[in-house]
Amino acid sequence: MKEAFEQLVQENNAQSRVRVLGFTDKVPELMHIASLVVTKPGGLTTTESLASKLPMVIINPIPRSRRRKRRISSF
């Protein structure tokens, strides 16, 4: 999936504005400078994004968990 996103970034000449990252242990630092988080659904990333007040784009959600996550994020 990472390669597909990298290709999209390249096709749209967005290399100067978009970084596609794989695993990293620098999540707090990256969230501090980020404008948006694109991620698959997951409790930890969702919690970190909400705590950082970052908007999220969630990809490949699991159908049943969407309703539950929507309820949680509507607080």
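Select lysine 40 to begin: at 58% relative accessibility, lysine 40 counts as exposed. You'll find lysine 40 in the loop between S1 and H3. Keep in mind that you're looking at a predicted model. Now add valine 57 to the selection and draw a distance between the two C-alpha atoms. Lysine 40 and valine 57 are 17 residues apart along the chain, and their C-alpha atoms are separated by 8.3 Å.

**Zoom out: the whole chain**

Switch to a cartoon view and colour by secondary structure. The chain has 4 helices and 2 strands. Walk along from the N terminus and the elements run α-α-β-α-β-α. Then try colouring by accessibility: of the 75 residues in the chain, 15% count as buried.

**The loop between H3 and S2**

Next, go to the loop between H3 and strand S2 (56-58), where lysine 53 lies. Check the backbone here: lysine 53 isn't a glycine, yet its phi is positive, at about 60°. With 75% relative accessibility, lysine 53 counts as exposed.

Step along to leucine 54, which is also placed in the loop between H3 and S2. Is leucine 54 buried or exposed? Leucine 54 counts as buried, because its relative accessibility is 10% and the cut-off for buried is under 20%. Lysine 53, by contrast, falls in the exposed class.

While leucine 54 is selected, pick methionine 31 too. The two are 23 residues apart along the chain, and 7.7 Å separates their C-alpha atoms.

**Over to helix H2**

Now select proline 28, which lies in helix H2. Proline 28 counts as exposed, at 58% relative accessibility. Draw another C-alpha distance, this time from proline 28 to serine 52: you should get 8.7 Å for a pair 24 residues apart along the chain.

Stay in helix H2 and select leucine 30, which has its place there. Leucine 30 is partly exposed, with a relative accessible area of 30%. Show it as a surface together with Leu21 and Ile33. Leu21, Leu30 and Ile33 make a nonpolar surface patch of about 290 Å².

**Into the largest pocket**

Keep Leu21 highlighted, as it leads on to the next stop. Which residues lie nearest the centre of the largest pocket? Those are Arg19, Leu21, Val37, Val38 and Thr39, out of 33 residues that line the pocket. So Leu21 has turned up twice on this tour: once in the nonpolar patch, and again by the pocket's centre.

If you run a pocket finder, compare its volume with the value here: the largest pocket holds about 1,300 Å³ of space. To see what surrounds that space, colour helix H1 (2-11), helix H2 (27-33), strand S1 (37-39) and helix H3 (43-51), the elements that each give two or more residues to the lining. Recolour the lining by residue class and you'll have 20 nonpolar, 8 polar and 5 charged residues.

**Two salt bridges**

Time for the charged pairs. How many salt bridges are counted in this model? The count comes to 2.

For one of them, select glutamate 6 and lysine 2. They form a salt bridge, with 2.8 Å between the closest N and O atoms. Look at the spacing on helix H1: the two residues are 4 apart, so about one helical turn separates them. Both ends of this pair are partly exposed, glutamate 6 with a relative accessible area of 32% and lysine 2 at 34%.

For the other, move to lysine 26 and aspartate 25, whose side chains meet in a salt bridge at 3.9 Å, N to O. That distance counts because the cut-off is within 4 Å. Here the two partners fall into separate classes: lysine 26 is partly exposed, with a relative accessible area of 44%, while aspartate 25 is exposed, with 59%.

**Last stop: asparagine 13**

Finish in the loop between H1 and H2, which is the place of asparagine 13. Check the backbone torsion once more: phi of asparagine 13 is near 50°, a positive value in a residue other than glycine. At 59% relative accessibility, asparagine 13 counts as exposed. You can put lysine 53 alongside it in a second panel, as lysine 53 has a positive phi too, at about 60°.

Definitions and conventions
Residues numbered from 1 in each chain as written. Predicted model: local features only at pLDDT ≥ 70, side-chain atom pairs only at ≥ 80, totals over all residues. Heavy atoms only, no water. 1 Å grid on protein atoms, 1.4 Å probe; cavity = no way out; pocket = protein on both sides within 12 Å on 5 of 7 lines; lining within 4 Å. Points joined across faces, edges and corners; volume = space filled by probe spheres on them. Nonpolar A, V, L, I, M, F, W, Y, C, P; charged D, E, K, R; others polar. Patch = residues over 30% accessible without salt bridge, like charges linked within 9 Å, V, L, I, M, F, W, Y side chains within 5 Å. Areas by Shrake-Rupley, 256 points an atom, 1.4 Å probe, with all protein chains shown as cover. Buried < 20%, exposed > 50% of the residue type's maximum accessible area, 1.4 Å probe, protein only.
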